[in-house]
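Subject: Structure handover

Hello,

Here is the structure I promised to pass on. Please open it beside this email and follow along.

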Amino acid sequence: MAETKTPTVLPFPNSKKRPATTHDGDAAAAKKASMLFSGESDPAAALAAARHEFGEHGGVNMSIEASATFTVMEPETMRRMFSGELGPDRDFFIYSRHFNPTVLSLGRQMAALEGTEAAYCTASGMSAISAVLMQLLSSGQNIVASQTLYGGTHALLTHFLPRVSNITTTFVDINDINMVDNALVAGESKVLYFESVSNPTLTVANIPELSRVGHAKGVTVVVDNTFSPMVLSPARLGADVVVHSISKFISGGADIIAGAICGSASLVNSMMDLHQGTLMLLGPTMNAKVAFELSERIPHLAPRMKEHSKRALALAQRMKKMGLKVIYPGLEDHPQHKILKSMANKEYGYGGLLCLDMETEERANRLMNLLQNYSQFGFMAVSLGYSETLMSCSGSSTSSELSNEEKQLAGISPGLVRMSVGYVGTLEQKWSQFEKAISRLQDSGLFNKN
Ligand SMILES: Cc1ncc(COP(=O)(O)O)c(C=O)c1O
């Protein structure tokens, strides 16, 4: 990891470094800091155990710190803040591209959710991913990554990072532990990167095993948990860093683009370093008003995830019974079903995403068209985690960055329809809408179910 020696302002005191007690409220700040890392194994319990931020006037909701800049009482304080002596852990803030109290509060919730020491939120999932990778790697170093990743991340690793920084990536099949082990070259590889549940193929990563192999080679294990918040807790299973596109399930509203990096205090602090920090210097800052909005949605993430998972499992079972080629990690015939079951937090199910392999793009498009415009089952749209069902043909949309050969390696068939299963309406209503579209597809002669 590109750790810095430059003094920095620490919002998250490292466990070894307790803040000094020379400022009013320091004892309280130290107490609050020690409560960040509750050790609860269930994400909802950890969230409930995390510090609750009240509003300035005793409001049950926190106040929004909408300031870009912060004033001081004495000029000397400014110098002490810039030297790293006074920081957010003691309620000293400089400027909101650096640390903002409201964004920091959302970061505390994300850290509790993922069971990490610290977290900080960014303007998008992609900025969280690119910032953490650029922090962890230097020019000429190597990433070992899953060959099945979100198209944007795949393009970042394949095209962007080699061009701008000579950071290269070796793509592997993460289900082949020997292949991963062989690809990790001690001293050269710095990061092992994968998605807990992959976009779009829904391959499930064996997080404890991959973390063990990665750590044996001295690399930082970074996991994108966008598809399975609550369901899986990669850091509790051994990973070092968890990244999220908050734009998806965590937001739940399909109205906000946001991201987060959850990891050690030293990582988050290094990313805010005034001289070497990617968050500080590239500036993918989250707006405080957005942080407030998102913070209000986290308390109902658990029930939302349970309902997404419940609906997805019921639909997947019925689709399978109908003879459709359905991929859902909650089905016993999914290749990683047992691994997922062994890793999953109890009661959150197996996630809200399922895939239907319609084999050809024409059939996939025809089905989606009927599901949206004829039977009102869902919407043709990319993204996921919304209350309504969203459907897209991955090969020609969110994975279009991959070449045909890369898609084949990743297991993305041209007719793969990814569905983010929503929870509006009743299950029976949604199922009858689905059946109606399938009957129409059969009538058209384009498709024969068993
Ligand atoms: C798994 C995964 N990671 C990261 C991203 C990027 O997130 P954002 O769109 O918030 O930048 C996406 C977006 O689709 C995604 O599916």
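Below is what I found, starting at the ligand and moving outwards.

One thing to keep in mind: this is a predicted model.

**Around the ligand**

The ligand has 16 residues around it. S124, G125, M126, S245 and S247 come nearest. Sort the shell by class and you get 10 polar, 4 nonpolar and 2 charged residues. Two helices, α5 (125-136) and α6 (151-165), each give at least two residues to this shell.

**Helix α5**

Look at α5 next. This helix has 12 residues. From its first C-alpha to its last it reaches 17 Å, close to the 16 Å expected at 1.5 Å a residue. How many of its 12 residues are buried? The count is 11, so α5 is mostly covered, given that a residue with 20 or more other C-beta atoms within 10 Å of its own is called buried. G125 and M126 are among the buried ones, and both also belong to the group that comes nearest to the ligand. Further along the helix, the buried residues include L133, Q135 and L136.

**Strand β6 and its partners**

Now find strand β6, residues 241-245. Here 5 of 5 residues are buried. In a regular strand, side chains alternate between the two faces of the sheet. You can follow this in β6: V241, V243 and S245 point one way, while V242 and H244 point the other way. Residues on both sides are buried.

β6 has a partner in strand β5 (residues 220-224). These two run parallel and are joined by 3 bridges. Within this pair, V222 stands opposite V241.

β6 also pairs with strand β7 (residues 259-263). This pairing is antiparallel, with 4 bridges. S245 has G259 of β7 as its bridge partner. Recall that S245 is also one of the residues that come nearest to the ligand.

**K248**

Last stop: the loop between β6 and β7, where K248 lies. An unreviewed UniProt entry places the feature "modified residue: N6-(pyridoxal phosphate)lysine" at K248. Is K248 buried or exposed? K248 counts as buried, because it has 23 C-beta neighbours inside 10 Å and the cut-off is 20 or more. Which residues does K248 contact, leaving aside neighbours within four places in sequence? They are T226, S383, L384 and G385.

Try tracing the path from β6 through the loop to K248 yourself.

Best wishes

Key: Residues are numbered from 1 along each chain as its sequence is written. This is a predicted model: local features need pLDDT of at least 70, side-chain atom pairs count only at pLDDT 80 or more; totals for chains, interfaces and linings use all residues. A residue is near a molecule or strand if its C-beta atom, placed from the backbone, lies within 6 Å of it. Ala, Val, Leu, Ile, Met, Phe, Trp, Tyr, Cys and Pro count as nonpolar, Asp, Glu, Lys and Arg as charged, and the others, Gly among them, as polar. The expected span of a helix is 1.5 Å times one less than its number of residues. Two strands pair if DSSP finds at least two bridges between them. UniProt positions are given in the numbering used here, feature names are shortened, and annotations may be inferred rather than shown by experiment. Two residues are in contact if their C-beta atoms, placed from the backbone, lie within 7 Å.
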